[in-house]
Amino acid sequence: MSLWVDKHRPRDLMKLDFHKDQAIRLKNLVQQSDFPHLLVYGPSGAGKKTRIMCLLRELYGSGVERLRQETMNFTTPSNKKIEIMTVSSNYHIEVNPTDVGIHDRVVIMDLVKNIAQTHQIDSSGQREFKVVILNEVDDLTKDAQHALRRTMEKYVATCRLILIANSISRVIPAIKSRCLTIRVPAPTESEIASVLHIVCKKEGLSLPSDLAIRIAKCADRNLRRALLMCEACKVQQYPFTADQKVSEPDWQLFIRDTASMILSEQSPKKLGDVRQKLYELIIHGVPPDMIFAGLLKELVLNCDMSMKSKIASYAAKYEHRMRLGNKPIFHLEAFVAKFMAIYKKSLEECIGDMF
Amino acid sequence: MRHCNLHCVTTTKKKPPAPWVEKYRPKTIDDIVDQGEVVQVLRECLSGGDLPHLLFYGPPGTGKTSAILAAARQLFGDITRDRVLELNASDERGIQVVRDKVKAFAQLTVSSTRPDGRPCPPYKLVILDEADSMTNAAQAALRRTMERETRTTRFCLICNYVSRIIPPITSRCSKFRFKPLARDNVIKRLREICEAEGVDVGNGEILHQAVDTCEGDLRRALTALQCCQRLLGKITAEGLIEVTGLVPEKLVNEYLSVKNYSELERFIENFLKEAYSAFQLLDQLAMIVVNAGQLTNKQKCTLAVPLLWLTIIHNDQNISVEVSDNEVGAH
């Protein structure tokens with residue numbers, strides 16, 4: 001038995017639940033003989049992957065759903081061996097080049113060229129190009145992105161790229177200008193609620209609309225999360241009740257907890273405790289930029305305007321430094337320490353004013 | 001002229017319809033939009049003069065690669081493949097490649113006649129596209145090769161930022177700056193292409209907008225037009241904004257009218273979930289600041305500094321946008 005998220009994933013462009021205009025446009029796009037490179041971007045859980053799989057199905061028929069996993073080996077110029085997992089069908093191949101860290105350029109150069117230089121064996125098939133899907137393009141190094149530029153133009157006859165990113169802020173303009181960019185906004189809360197209703201109906205369950213709305217609110221406009229939460233609710237208690245507890249992701253609670261610790265006391269000793277907490281978050285694989293955003297959101301709650309802006313700008317500064325370096329814990333801790341200093345100073349001033 | 005025709009035949013033979021950018025890439029140097037001096041020099045050497053080492057630099061989409069490719073094609077005609085080595089950022093270009101591949105290619109001597117007896121220039125051409133992404137070591141390895149093999153080889157380096165090329169290389173080349181294209185010429189060219197493709201552009205208002213959104217980058221404007229045409233079947237103002245990833249003006253104004261922090265938080269949450277680009281927003285804000293009539297120069301300066309800083313650190317979207325708002329709020 002598979003999860004609801006996979007079981008009820010739409011497989012046809014026309015059956016998508018939201019952004020229907022866009023689906024029609026995509027369908028038109030496929031029906032023209034030509035097909036450009038695509039850059040699909042949107043927040044997670046907005047349905048980027050679903051749309052792409054639908055698009056591929058539209059292009060090649062159901063053959064694209066027969067997937068196989070392979071490990072590919074590459075050698076870097078410095079003779080280091082790296083391997084990367086790929087998921088492929090007869091018509092497309094999907095990779096996540098950021099898996100290999102700073103060596104992603106090698107993967108892009110070798111893989112794309114390999115694919116592009118081999119023609120489809122069965123040329124009587126409908127399309128004469130293959131599709132390469134690259135995930136997390138915004139996290140590619142600048143080198144790797146530059147390597148894509150000319151490759152995209154050169155091999156346009158035999159291979160099309162579909163790039164997936166969370167935001168195009170970090171994609172270099174040269175790539176943007178070579179792709180058809182497709183924005184996939186996150187679904188609104190009411191759209192999520194209606195999807196939840198549809199899924200529950202398919203499962204033969206009855207879902208109170210209050211609960212659907214509450215799940216939608218909790219899910220932060222992320223459809224995948226909403227469906228998982230809904231399924232979790234069902235495991236906890238069925239039949240559903242309208243005031244049932246919706247469990248939040250525990251890392252969110254954990255960050256909130258950490259934030260309140262920082263607010264409760266500002267001392268070197270407390271900083272040590274906070275460090276333990278931060279380590280724990282990092283060990284469990286919570287991305288450090290999310291920790292930053294989460295902490296900032298909680299910490300500024302009871303500050304005045306000028307302090308808020310000051311703290312936000314420090315957060316931005318340390319977050320930026322974190323991206324330049326590679327040990328997130330230093331920068332997280334530096335931010336926490338800075339916050340403690342600012343906060344304590346303002347508290348003391350407050351008390352000083354009172355007397 | 002004959003070679004040019006030959007080339008046209010081969011492109012139409014290829015089955016997949018090429019993107020407009022490739023399809024309408026200038027075939028001869030006379031097709032290049034603007035860039036008078038460069039075209040002048042290239043024309044000179046086409047009519048028998050000697051070709052110096054070249055260094056082309058300038059913003060993207062101004063015709064650097066097109067110029068040299070067109071020139072190479074006119075110089076060498078059907079033997080282009082043997083005489084030109086084109087390397088770009090997608091090829092391995094470390095110091096090893098410069099030492100082996102480039103050097104080996106440069107050392108070959110070539111005759112001044114073609115296989116069929118007609119004369120042709122007695123040198124080869126090495127095009128190093130996107131040269132600013134070469135390492136300094138690799139560039140340094142080029143120096144001596146460039147000098148020693150001048151008899152048989154000319155180099156053409158293409159880059160966006162001339163400051164990333166080491167001085168010993170720049171001093172060996174004649175430098176040409178490719179200016180951002182003049183507005184009228186871009187529009188003229190776009191109109192020609194649209195007519196050739198049978199696309200309706202109305203009175204040309206839409207072309208003006210395309211140029212506005214693309215800041216003198218002809219390639220970007222052309223891609224935007226084609227994407228729009230493909231996606232919507234016609235070219236509209238909204239479509240252009242969507243395919244270029246611009247932030248709609250309505251949202252920018254909403255951002256500027258934000259009053260307090262909680263409103264701001266809500267706005268940003270929504271902004272990011274709608275998947276707009278924070279970097280783009282900052283870019284557009286910078287334009288607004290520069291064009292704002294009611295501000296004095298000094299005020300503009302004070303606003304521009306944090307915006308610049310934020311553009312550099314735009315990595316973290318969420319937070320940086322919040323900061324910039326305070327600055328804008330200050331005026």
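In this predicted model, A:Ile351 sits in helix α14 of chain A, the run that covers residues 328-354. Because its relative accessibility is 46%, A:Ile351 counts as partly exposed, a class that lies between the buried limit of under 20% and the exposed limit of over 50%. Together with A:Met354 and A:Phe355, A:Ile351 forms a nonpolar patch on the surface, and the accessible area of these three residues together is about 440 Å².

Elsewhere in chain A, strand β3, made up of residues 81-88, pairs with strands β2 and β4. Strand β2 of chain A, residues 68-75, runs antiparallel to β3(A) and is joined to it by eight bridges, and one pairing that can be located in the model is that of A:Thr75 with its bridge partner A:Lys81. The hairpin of β2(A) and β3(A) has five residues between the strands, and in this hairpin A:Asn79 takes a positive phi near 65°.

Strand β4 of chain A, residues 92-95, is also antiparallel to β3(A), with three bridges joining them, and the hairpin that connects β3(A) to β4(A) passes through three residues. Here A:Val87 has A:Glu94 in β4(A) as its bridge partner.

The side chains of β3(A) can then be followed along the strand. In a regular strand, side chains alternate between the two faces of the sheet. In β3(A), A:Ile82, A:Ile84, A:Thr86 and A:Ser88 point to one face and are buried, whereas A:Lys81, A:Glu83, A:Met85 and A:Val87 point to the other face and are not buried.

Note on methods:
Residues numbered from 1 in each chain as written. Chains lettered and ligands numbered in written order. Predicted model: local features only at pLDDT ≥ 70, side-chain atom pairs only at ≥ 80, totals over all residues. Heavy atoms only, no water. Patch = residues over 30% accessible without salt bridge, like charges linked within 9 Å, V, L, I, M, F, W, Y side chains within 5 Å. Areas by Shrake-Rupley, 256 points an atom, 1.4 Å probe, with all protein chains shown as cover. Salt bridge = Lys/Arg side-chain N within 4 Å of Asp/Glu carboxyl O. Helix = DSSP H or I, 4+ residues; strand = E, 2+ residues; numbered from the N terminus. Buried < 20%, exposed > 50% of the residue type's maximum accessible area, 1.4 Å probe, protein only. Pairing = 2+ DSSP bridges.
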